[in-house]
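Trainee: I should like to learn how to read the features of a protein structure. May we go through one together?

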Amino acid sequence: MTNSCFSFGGLPKNAKIIKIIDEAKNQKRTLLFDAEFENAAPGQFGMVWIRGTDEIPLGCSFKNGVTFQVVGDATKTLFSLKEGDSVGLRGPFGNGFSIPKKGDKILIVAGGIGAAPLAPLAEKANEAGAKVTIILGARSADDLIFEKRFKDAGNVLLTTDDGSLGRKGFVTTVLSEQDLGKFSKIYVCGPEIMMKFVMDILIQKNAVEKSEFSMERYFKCGIGVCGACCIDETGVRVCKDGPVFPGTVLLNSEFGKYHRDASGKRIKY
Ligand SMILES: Cc1cc2nc3c(=O)[nH]c(=O)nc-3n(C[C@H](O)[C@H](O)[C@H](O)COP(=O)(O)OP(=O)(O)OC[C@H]3O[C@@H](n4cnc5c(N)ncnc54)[C@H](O)[C@@H]3O)c2cc1C
């Protein structure tokens, strides 16, 4: 491991894929590089340039790796790459989650590929001496990632939509049964609709103030210049001010209602 990435928005640095790990049957894959995201904090992301296709944001799921699911052109091309191929990397960018300290009791709510930035947080929190509970959900057993990583870091409550592993249902089913008063922080990442239902429960249980949500928006520059990823009404930029926001910042915003496509047009959830 000789390379390390730029820690600012400079030119992408070439990174060779040294290992490919299939994390789940349904096209969810980790790429490990010969370059590290320098001092990446849990929740920060890298901009991954897939030459000839696109440059996309992906969470730093490992100090030298990213984990992704296939949804469109860029991720399809990324999935076709082999060990020895290379991509361009910039980052790490964004703010990351707040890090718990010894004795804290924290709850992590991870849905689908949203587990990618949360696994390093669970590990870091466990190392710091915090007590970690994770509600880990996916559509099915074939979509679930990082079960072992989370189990090594804390107490895992598993859910799958189809009941093929763990409890049948959504992460919100399990969340609504928890006494949230015992947690000092609640961290959330997953599909926005899932996060919206999580937020509704936190509102009911008076726990929004201790929550942090990792947001996804369409990125262009990734360094806070272009404004493509701003969130109405406050205008906070997901790439620069986020991607992690306190739940209180997302209340009364576009969160859970709409996002924007590449042209800036609103797309309703
Ligand atoms: C800060 C940040 C961190 C991210 N971290 C990760 C990560 O760790 N792993 C990961 O897999 N993705 C992550 N994403 C999302 C990832 O950037 C997108 O999935 C990717 O840009 C899609 O590019 P594409 O060209 O493959 O698909 P596009 O051609 O852009 O999209 C294809 C279709 O899929 C839809 N789509 C796009 N993104 C998603 C999505 N996430 N889920 C479902 N449908 C979608 C689009 O609406 C469109 O219909 C992150 C996004 C942000 C902003």
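Mentor: Let us begin with a definition: helices and strands are DSSP runs, numbered from the N terminus, where a strand has at least two residues. With that in mind, Asn-39 can be placed in the loop between strand E4 (35-36) and strand E5 (45-50). Please remember throughout that this is a predicted model.

Trainee: What is the phi of Asn-39 near?

Mentor: The general idea comes first: most residues other than glycine have a negative phi, and most peptide bonds are trans. In this structure, Asn-39 has a phi near 50 degrees, which is a positive value in a residue other than glycine.

Trainee: Which peptide bond that ends at a proline is cis?

Mentor: The bond from Gly-242 to Pro-243 is cis, with omega near 10 degrees. Pro-243 sits in the loop between E16 and strand E17 (244-246). A further cis bond runs from Asp-232 to Glu-233, and its omega is near 5 degrees. Glu-233 belongs to the loop between strand E15 (230-231) and strand E16 (236-237).

Trainee: Let us turn to the ligand. How many residues surround the ligand, and which are the closest?

Mentor: To read a binding shell, one gathers the residues with a heavy atom within 4 Å of the molecule. Here the ligand is surrounded by 19 residues, and the closest are Pro-57, Thr-67, Gln-69, Ala-74 and Thr-75. By type, the shell comprises 11 nonpolar, 5 polar and 3 charged residues.

Trainee: Which atoms of Pro-57, Gln-69 and Glu-216 lie beside the ligand?

Mentor: For Pro-57, a backbone N or O atom is 2.7 Å from an oxygen atom of the ligand. Gln-69 also places a backbone N or O atom by a ligand oxygen atom, at 2.9 Å. With Glu-216, a polar side-chain atom lies 2.9 Å from a nitrogen atom of the ligand. As for cover, the ligand taken alone exposes 910 Å², and the protein buries 68% of that.

Trainee: Which elements give two or more residues to the shell around the ligand?

Mentor: They are strand E6 (54-62), strand E7 (65-69) and helix H1 (73-80). E6 supplies the largest share, 4 residues. At the level of domains, the ligand lies between domain 1 (3-93) and domain 3 (215-269), because both give residues to its shell.

Trainee: How many salt bridges does the structure hold?

Mentor: A salt bridge pairs a side-chain nitrogen of Lys or Arg with a carboxyl oxygen of Asp or Glu within 4 Å. The structure holds 15 of them. In one of these, the side chains of Arg-149 and Glu-123 meet at 2.8 Å, N to O. Arg-149 is in helix H3 (residues 147-153) and Glu-123 in helix H2 (residues 115-128), so the pair ties together parts that are 26 residues apart in sequence.

Trainee: Which residues does the UniProt annotation "binding site" cover?

Mentor: According to the unreviewed UniProt entry, this annotation covers Cys-221, Cys-226, Cys-229 and Cys-239. These residues are spread over 19 residues of sequence, yet they cluster in space, with a largest C-alpha distance of 10.1 Å. Cys-226 itself is found in the loop between strand E14 (211-214) and E15.

Key. Residues numbered from 1 in each chain as written. Predicted model: local features only at pLDDT ≥ 70, side-chain atom pairs only at ≥ 80, totals over all residues. Heavy atoms only, no water. Polar contact = N/O pair within 3.5 Å; in protein donor to acceptor, adjacent residues only side chain to side chain. Areas by Shrake-Rupley, 256 points an atom, 1.4 Å probe, with all protein chains shown as cover. Nonpolar A, V, L, I, M, F, W, Y, C, P; charged D, E, K, R; others polar. Domains from an automatic or database assignment. UniProt positions renumbered as here; feature names shortened; annotations may be inferred.
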